[in-house]
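Here is a walk through one fold, from a single residue pair outward to the sheet and back to one side chain. Keep the structure in view as you read.

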Amino acid sequence: MKKNQHVVPHGNQWAVKGEKNDKATKVVETQSEAIKIARQIAIKQQSEVVIHRPNGQIRDKDSYGNDDYPPKG
């Protein structure tokens with residue numbers, strides 16, 4: 001099942017959460033660590049990684065599946 005993976009603040013740590021999941025898949029110390037984990041899951045599921053800022057705003061998105069708007073080049 002394709003579920004976008006969100007990297008979100010979790011207290012003083014960072015969590016990887018599948019979209020619409022209540023529980024975190026993994027909680028780690030740093031945002032970069034959480035991004036690596038989310039990326040691995042997204043590649044397997046061909047979904048997106050949505051990276052949030054400490055205040056919860058979306059900072060960035062990376063697609064690892066069938067992108068509706070692939071880069072032209």
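Begin with A15, whose bridge partner in strand 3 is V27. The model is predicted. The A15 bridge belongs to a wider pairing: strand 2, residues 13-18, runs antiparallel to strand 3, and 3 bridges link the two. Strands in a sheet pair through backbone hydrogen bonds, in either a parallel or an antiparallel sense.

Now step back to the whole sheet. It is open and has 5 strands, in the order 3-2-1-4-5. The pairing is mixed. Which strands stand at the edges? They are strand 3 (26-28) and strand 5 (58-63). Each has a single partner strand, so one side of each lacks a neighbour in the sheet. On average, neighbouring strands are turned by 20° against each other, direction ignored.

Helix 1, residues 31-45, packs on this sheet. The helix touches strand 1 (5-10), strand 2, strand 3, strand 4 (48-52) and strand 5. Its direction makes about 160° with that of strand 1.

Finally, look inside strand 1, where H6 lies. Is H6 buried or exposed? The relative accessible area of H6 is 16%. Buried means under 20%, so H6 counts as buried. Leaving out residues up to four places away in sequence, H6 touches A15, V16, K17, E19, V50 and H52. A15 is the residue we began with, the bridge partner of V27. With E19, H6 also makes a polar contact: their side chains are joined at 3.4 Å.

Methods: Residues are numbered from 1 along each chain as its sequence is written. This is a predicted model: local features need pLDDT of at least 70, side-chain atom pairs count only at pLDDT 80 or more; totals for chains, interfaces and linings use all residues. Side-chain values use heavy atoms; hydrogens and water are left out. Two strands pair if DSSP finds at least two bridges between them. Helices (H or I, at least four residues) and strands (E, at least two) are DSSP runs, numbered from the N terminus. Axes are lines fitted to C-alpha atoms, for helices over the stretch in contact, and angles run from 0 to 180 degrees between N-to-C directions. Contact means heavy atoms within 4.5 Å. Buried means under 20% relative accessible area, exposed over 50%, partly exposed in between (1.4 Å probe, protein chains only). A polar contact is a pair of N or O atoms within 3.5 Å; within protein, one must be able to donate a hydrogen and the other to accept it, and residues adjacent in sequence count only if both atoms are side-chain atoms.
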